[in-house]
Amino acid sequence: MKGKFITLEGIEGSGKSTSLKDIANILDQKSIDYIVTKEPGSGSLGKDLRSLLLSNDNKISGEVELLLMMADRKNHLDSLVIPNLSNGNWVLSDRYLDSTYAYQGGGRKMDFALIDELSTSLNLPTPDLTILFDLPVEIALERAKRRANLDRFEREPLDFHNRIRNIYKSRAEEDPKRIKIVDSSLSFQEVKDQVEYIVSQFLND
Ligand code: TYD
């Protein structure tokens with residue numbers, strides 16, 4: 001694959017979406033062609049899968065949630081991510097596979113071996129760079145709650161979100177070359193500086 005695959009990860013309210021724009025600006029300056037996308041919900045079946053996954057009316061088991069996330073991801077890869085990477089476009093995705101380890105593995109306590117198995121069998125590519133936006137859960141949830149409607153995940157208790165944060169951090173420790181941590185408890189400008197540093201290091205590699 002010719003394009004680079006960059007993913008953004010973090011708990012609710014961690015500021016991923018704001019930083020996506022900063023990264024896009026850097027790629028614009030370098031005249032790199034890219035697409036911006038997100039999970040869940042961006043494949044050809046995405047709209048339906050996303051509403052199944054996020055609706056507060058749906059009471060689904062952890063297993064079903066995991067399989068739907070994986071179905072959404074495979075469909076996203078097939079219909080958008082892989083074709084773009086093959087054409088030489090870069091892909092910036094707001095969430096990807098690390099979210100499944102953190103939310104379904106950490107949050108819902110699903111077996112990590114099952115996620116590994118699904119990921120291997122489905123041949124899911126590993127991102128070239130993942131930026132993890134990390135901050136204390138209490139601060140992040142305060143930010144997320146300012147949005148009007150809370151989805152199925154945002155309504156979960158504090159310890160659910162703390163488990164997610166811990167899995168993200170341990171994955172970053174295990175794979176420091178791919179996963180770079182941004183301290184998103186800092187000011188808007190400091191977060192921007194960290195993101196710019198990480199992306200410029202990646203571009204110079
Ligand atoms: P979204 O509204 O896109 O939230 P955010 O702005 O926080 O990214 O909702 C996506 C939700 O889906 C979010 O709570 C995380 C969750 N999710 C998983 O549980 N597993 C996954 O594999 C992915 C991709 C997302």
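This passage walks through a few spots in a predicted model, from a buried strand residue to the ligand site and some backbone oddities.

A good place to begin is E9, which sits in strand 1, the stretch covering residues 5–10. E9 has a relative accessible area of 0%, so it counts as buried, the cut-off being under 20%. Its surroundings come from quite scattered parts of the sequence: T130 is 121 residues away along the chain, yet the two C-alpha atoms are 7.1 Å apart in space. Once neighbours within four places in sequence are set aside, E9 is in contact with K16, with R95 through S99 (that is, R95, Y96, L97, D98 and S99), with T130, I131, L132 and F133, and with Y168. There is a polar contact here too, since a polar side-chain atom of E9 lies 2.8 Å from the backbone nitrogen of Y96.

Next come two helices that pack together. In general, such a pair is described by the angle between the two axes and the distance between them. For helix 3 (residues 62–86) and helix 4 (residues 97–107), the angle is about 175° and the axes are 11 Å apart. Angles over 145 degrees count as roughly antiparallel, so helix 3 and helix 4 get that label. Helix 3 brings E65, L66, M69, M70 and R73 to the contact, while helix 4 brings L97, T100 and Q104. Sorted by class, the residues in this contact are four nonpolar, two polar and two charged.

Then there is the ligand, which has 16 residues around it. The closest of these are E12, K38, R95, T100 and Q104. T100 and Q104 have already turned up in the contact between helix 3 and helix 4. Several side chains place a polar atom close to an oxygen atom of the ligand: for E12 the distance is 2.6 Å, for K38 it is 2.8 Å, and for R50 it is 2.9 Å.

Two further buried residues are worth a look. R152 is part of the loop between helix 6 (137–145) and helix 7 (158–174). Despite being in a loop, R152 has a relative accessibility of 11%, so it counts as buried. A polar atom of the R152 side chain lies 2.8 Å from the backbone oxygen of L53. Beyond its sequence neighbours within four places, R152 is in contact with L53, L54, S55, N56, N58, I60, E65 and R108. One of these, E65, also belongs to the helix 3 side of the helix pair.

V137, by contrast, is found in helix 6. Its relative accessibility is 1%, so V137 counts as buried as well. V137 and H161 are 24 residues apart in sequence, with 6.5 Å between their C-alpha atoms. Leaving out residues up to four places away, V137 touches I11, L158, H161, N162 and R165.

Finally, the backbone has a few quirks. E39 and P40 are joined by a cis peptide bond, with omega at about -5°. P40 lies in the loop that runs between strand 2 (34–38) and helix 2 (46–54). K109 is not a glycine, but it has a positive phi of about 60°. K109 belongs to the loop between helix 4 and helix 5 (112–121), and with a relative accessible area of 61% it is exposed. N123 is another non-glycine residue with a positive phi, again about 60°. N123 lies in the loop between helix 5 and strand 4 (129–134), and its relative accessible area of 64% makes it exposed.

Terms used:
Residues are numbered from 1 along each chain as its sequence is written. This is a predicted model: local features need pLDDT of at least 70, side-chain atom pairs count only at pLDDT 80 or more; totals for chains, interfaces and linings use all residues. Side-chain values use heavy atoms; hydrogens and water are left out. Helices (H or I, at least four residues) and strands (E, at least two) are DSSP runs, numbered from the N terminus. Buried means under 20% relative accessible area, exposed over 50%, partly exposed in between (1.4 Å probe, protein chains only). Contact means heavy atoms within 4.5 Å. A polar contact is a pair of N or O atoms within 3.5 Å; within protein, one must be able to donate a hydrogen and the other to accept it, and residues adjacent in sequence count only if both atoms are side-chain atoms. Axes are lines fitted to C-alpha atoms, for helices over the stretch in contact, and angles run from 0 to 180 degrees between N-to-C directions. Angles under 35 degrees count as roughly parallel, over 145 as roughly antiparallel, 65 to 115 as roughly perpendicular and the rest as oblique. Ala, Val, Leu, Ile, Met, Phe, Trp, Tyr, Cys and Pro count as nonpolar, Asp, Glu, Lys and Arg as charged, and the others, Gly among them, as polar. A residue is near a molecule or strand if one of its heavy atoms lies within 4 Å of it.
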